[in-house]
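Colleague: Before we talk about any single residue, could you take me through how the features of a model like this one should be read?

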Amino acid sequence: MKDIAIHEMTAQKYIKIFIALVILTTLTFLQPMILPSSLHGTVVIQIFIACIKTILIVSYYMHLKYETALFRYIVLFAVVTLGIFFVITATDAIFRNETFDMFQVGG
């Protein structure tokens, strides 16, 4: 039987992750002032920083880093499925033809 590695999250690890999250949050706030660019570029950078913060939180605070590979794939599958629904909903909202909207009030 495979021995399960015992992971220990020390206060020092939590403090390092917290400091990294504070730095990334500060960077998120200051990024438009530091790198003035188009709205598209700013959004891309902001989403990239948010993804890094999400990975840190899920890996360490939610202990996904220490889970089995099967559990990681289940979480990944759930996130991808949610992303697909977001893309479908956004596509519908962006390209909806207002002329033939059956839910349009009046007229």
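**Surface, fold and patches**

Modeller: The accessible surface of the chain comes to about 9300 Å², and 76% of that area belongs to carbon and sulfur atoms. Please keep in mind throughout that this is a predicted model.

Colleague: How many helices and strands are there in the chain?

Modeller: The chain has three helices and zero strands, so that, reading from the N terminus on, the elements run α-α-α. Helix α1 covers residues 11-34, helix α2 covers 39-61, and helix α3 covers residues 69-95.

Colleague: What percentage of the residues in the chain is buried, and what share of the contacts joins residues 24 or more positions apart?

Modeller: A residue is called buried when its relative accessible area is under 20%, and such residues make up 13% of the 107 in the chain. As for contacts with a separation of 6 or more, 56% of them are between residues 24 or more positions apart.

Colleague: Let us turn to the surface patches; which residues make the nonpolar one?

Modeller: The general idea is that a patch gathers residues with over 30% relative accessible area and no salt bridge, with nonpolar side chains joined within 5 Å. In this structure I15, F18, I19, V22, I23, I57, Y61 and M62 make a nonpolar surface patch of about 760 Å². Helices α1 and α2 each supply at least two of its residues, while the largest share, five residues, comes from α1. One member of the patch is I23, which lies in helix α1 and counts as exposed because its relative accessibility is 53%, where the cut-off for that class is over 50%.

Colleague: Which residues form the positive surface patch?

Modeller: For charged residues the joining distance is longer in the sense that like charges are joined within 9 Å. Here K13, K16, K65 and R72 form the positive patch. Of these, R72 is found in helix α3 and is classed as partly exposed because its relative accessible area is 40%.

Colleague: Now a polar residue: is Q31 buried or exposed, and which residues does Q31 touch?

Modeller: Q31 is found in helix α1 and counts as buried, because its relative accessibility is 2%. When residues up to four places away in sequence are not counted, Q31 touches T42, I45 and Q46. Taking the view from T42, which lies in helix α2, we find that T42 is in contact with Q31, P32 and S37 once its neighbours within four places in sequence are left aside. T42 also counts as buried, because its relative accessibility is 13%.

Colleague: How far apart are L27 and I49 in sequence and in space?

Modeller: L27 and I49 are 22 residues apart in sequence, and their C-alpha atoms are 8.3 Å apart in space. L27 has its place in helix α1, and L27 is described as partly exposed because its relative accessible area is 38%.

Colleague: Finally, a backbone feature: what is the phi of H63, and where is H63 placed?

Modeller: The phi of H63 is near 60 degrees, which is a positive value in a residue other than glycine. H63 is placed in the loop between α2 and α3, and H63 is partly exposed because its relative accessible area is 27%.

Technical notes
Residues numbered from 1 in each chain as written. Predicted model: local features only at pLDDT ≥ 70, side-chain atom pairs only at ≥ 80, totals over all residues. Heavy atoms only, no water. Areas by Shrake-Rupley, 256 points an atom, 1.4 Å probe, with all protein chains shown as cover. Salt bridge = Lys/Arg side-chain N within 4 Å of Asp/Glu carboxyl O. Lys, Arg positive; Asp, Glu negative; His and termini not counted. Charge placed at Lys NZ, Arg CZ, Asp CG, Glu CD. Helix = DSSP H or I, 4+ residues; strand = E, 2+ residues; numbered from the N terminus. Buried < 20%, exposed > 50% of the residue type's maximum accessible area, 1.4 Å probe, protein only. Contact = heavy atoms within 4.5 Å.
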